[in-house]
Amino acid sequence: MENIRSLCVYCGSSGRVNPAYKQAARALGERMAKAGIELVYGGGKVGLMGEAADAALSAGGRVTGIIPRHLMRLEVGHGGATELIVVETMHERKMIMFERSDAFIVLPGGLGTLDETFEMATWRQLKLHAKPIIVIDVKGYWTPLQSMIEHMIAEGFVNEQHRALLRFVPDIDAAFAVLAEVPEPIPGPEVKWQ
Ligand code: AMP
């Protein structure tokens, strides 16, 4: 999978969740490390974020965390990350996460995960990038989101062709199968940044 060198993982910061979600985060981190793919993420040590980072590091992978200074205490910046970039704002964090990744993988998460996912989806809708956004539907967690998007399409608020902006897959194997199809090189933005 030479076309994918780094993956940004968006996932929950909560640790009070079903262990199956944590297991999925660990499995993804390990799988990425074994495939030689760098993990780019929010830099925290908590919740699924910490699980994915710890698993990638234990399997010898490269982990880059990007965390705003004010969240260093709340999310406990991951001291073991290969590289921990401390920034001043959430916007800076999201931009560096975007710039440093070839594609995005979404695991179960909360409002922050949704914000990050939909920022990338809407940028792609506006043709600002063409990086794949893959949502792993662990334990059916994201099925209601899929239904919501279908509802939005049915009611005319979302164009049918934008259904494909988020690729929902059932598991990590299916996510890697999607990544294997990504053309080389990943097309650049059709619209230049201001
Ligand atoms: P959550 O899914 O809410 O557990 O958050 C996952 C990650 O998203 C954490 O690293 C949060 O710091 C981050 N996050 C939370 N709110 C926002 C936001 N409004 N914009 C960007 N990231 C956020």
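How far is an oxygen atom of the ligand from an N or O atom in the side chain of Ser13? In this predicted model, the distance between the ligand oxygen and that side-chain atom of Ser13 is 2.7 Å.

## Contacts with the ligand

Ser13 belongs to a wider group, for there are 16 residues around the ligand, and those that come nearest are Ser13, Glu75, Gly110, Thr113 and Asp115. For Asp115, a polar atom of the side chain is found 2.9 Å from a nitrogen atom of the ligand. With Leu111 the backbone takes part, since one of its polar backbone atoms is 3.5 Å from an oxygen atom of the ligand. Taken on its own, the ligand has 490 Å² of accessible area, and the protein covers 77% of this.

## The pocket and its shell

The ligand takes up the space of the largest pocket. Two elements, α3 (residues 90–99) and α4 (residues 111–125), each give two or more residues to the shell around the ligand, and of these α4 gives the most, with five residues.

Sorted by character, the shell around the ligand holds five nonpolar residues, six polar ones and five charged ones.

## Two lysines with positive phi

Most residues other than glycine have a negative phi. Against that background, two lysines deserve a look. Lys127 is a residue other than glycine, yet its phi is positive, near 60 degrees. Lys127 lies in the loop that runs between α4 and β6, the latter spanning residues 133–136. With a relative accessible area of 43%, Lys127 is partly exposed, because this value falls between the limits of 20% for buried and 50% for exposed.

Lys139, likewise not a glycine, has a positive phi of about 55 degrees. The loop that holds Lys139 is the one between β6 and α5, where α5 covers residues 143–154.

## Leu48 and Gly109

Is Leu48 buried or exposed? Leu48, which is part of helix α2 (residues 47–58), has a relative accessible area of 3% and is therefore buried, the cut-off for that term being under 20%.

Leu48 can also be placed relative to a residue elsewhere in the chain, namely Gly109: in sequence the two are 61 residues apart, while in space their C-alpha atoms are 8.0 Å apart.

Technical notes: Residues numbered from 1 in each chain as written. Predicted model: local features only at pLDDT ≥ 70, side-chain atom pairs only at ≥ 80, totals over all residues. Heavy atoms only, no water. Near = heavy atom within 4 Å. Polar contact = N/O pair within 3.5 Å; in protein donor to acceptor, adjacent residues only side chain to side chain. Areas by Shrake-Rupley, 256 points an atom, 1.4 Å probe, with all protein chains shown as cover. 1 Å grid on protein atoms, 1.4 Å probe; cavity = no way out; pocket = protein on both sides within 12 Å on 5 of 7 lines; lining within 4 Å. Sits in = over half its atoms within 2 Å of the grid points. Helix = DSSP H or I, 4+ residues; strand = E, 2+ residues; numbered from the N terminus. Nonpolar A, V, L, I, M, F, W, Y, C, P; charged D, E, K, R; others polar. Buried < 20%, exposed > 50% of the residue type's maximum accessible area, 1.4 Å probe, protein only.
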